[in-house]
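Hi,

Here's the structure I said I'd pass on. Have a look at it first, and my notes come right after.

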Amino acid sequence: MSFNIYLVEDDPNLNKILKYYLTNQGWKVRSFLNGKDAEKEIVNPPDLWILDIMLPDIDGYQLIKSIKDKYPNLPVIFISARDADMDRVIGLEFGSDDYLAKPFLPRELVIRTKNILNRVYGDSNDLEEIQLQTYKISKKSRSVWENDEIIELTNKEFSLLELFLKNNNTALSRDEILDQVWGDDYFGSDRVVDDLVRRLRSKMSKLNIETIYGFGYRMNEI
C-alpha cells in the first residue's frame, strides 16, 4: 500500500538519504528542511510524520503539539541527536509513537515506520494490492505490474513471490520453500527452488533476493 509520509529533517544530506530509503518502499514521501514549511502542511495530513526535534526555526515539540491538537491519532516518529532519555520521555508525553536517537541506520527507520503503519492501518500482507518499490502486486488476480505494464509470472513464480512477501527479511530454507510452493507431497530435487528463484529474479530484477549459501534465500525490502 502506498502511504503518504512527511519527513522533517534539516540536514540536507540526511534528509535526502532517508527520503530515498522510505521512497524505495513504495511510500510517497514529502520532505521538509525546516519546521515552518512543515507546519503549513499540518492541514493536509499524511499517514505518518517523521520529525527531527532540533530544527533551525521551530522545534519538533512545537510541531507535534500542533499535529496532535488537530489529529490526535496521527502517528509520529521522533528523531534526535540530543539527550536520548530526556527526548524520549518528552516525546512520549507529547504523543510520539516511536523515537530514534541519532546516529541510526536508515534501515532501522524503515522497519520502525513499517511496524507503525502496519499497526495503525493494518498489515500490508493482508492487503489485496501491495506496492513494492516500482511493482504493484495484486493478490486477488495474482498479477504484477511495473509502470502499468504487466509482468507475466507463472503460478509457481507468483506463489514464491507471495511467500517472500509474507516472510520479508526472514531466511527461508529450500525445504521450507518446497513445502510452501510445491506442497509436502513433492518428491524431487530441491534444485527446482534455485531455478524458480532465478526466474523470479529475471522477471523482477529490483527485488532484493539474497542467496544464503548452503541454506536457502531471503528477500530484503532494502
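Below is what I found, starting with a sheet and moving on to a pair of helices.

One thing up front: this is a predicted model.

The sheet is an open one, built from three strands in the order β10-β12-β11, with antiparallel pairing. At its edges sit β10 (172–173) and β11 (208–212), each of which pairs on one side only. If you want to look at one pairing in detail, try β11 with β12 (residues 216–220): the two run antiparallel and are joined over five bridges. Along the way you'll find Glu 210 standing opposite Arg 218 in β12.

There's a helix to go with those two strands. α8 (residues 191–203) lies across β11 and β12, and it runs at about 155 degrees to β11.

Now for the helix pair. How far apart are the axes of α1 and α5, and at what angle do they pack? Helix α1 (residues 12–23) packs against helix α5 (residues 106–121) with the axes 10 Å apart and an angle of about 45 degrees. Because of that angle, α1 counts as oblique to α5. The crossing of α1 past α5 is right-handed.

As for who touches whom, α1 brings Ile 17, Leu 18, Tyr 21 and Leu 22, which meet Pro 106, Arg 107, Leu 109, Val 110 and Thr 113 in α5. Sorted by class, this contact between α1 and α5 has seven nonpolar residues, one polar and one charged.

Cheers

Definitions and conventions: Residues are numbered from 1 along each chain as its sequence is written. This is a predicted model: local features need pLDDT of at least 70, side-chain atom pairs count only at pLDDT 80 or more; totals for chains, interfaces and linings use all residues. Side-chain values use heavy atoms; hydrogens and water are left out. Two strands pair if DSSP finds at least two bridges between them. Helices (H or I, at least four residues) and strands (E, at least two) are DSSP runs, numbered from the N terminus. Contact means heavy atoms within 4.5 Å. Axes are lines fitted to C-alpha atoms, for helices over the stretch in contact, and angles run from 0 to 180 degrees between N-to-C directions. Angles under 35 degrees count as roughly parallel, over 145 as roughly antiparallel, 65 to 115 as roughly perpendicular and the rest as oblique. A crossing is left-handed if the near helix is turned anticlockwise from the far one by less than a right angle, and right-handed if clockwise. Ala, Val, Leu, Ile, Met, Phe, Trp, Tyr, Cys and Pro count as nonpolar, Asp, Glu, Lys and Arg as charged, and the others, Gly among them, as polar.
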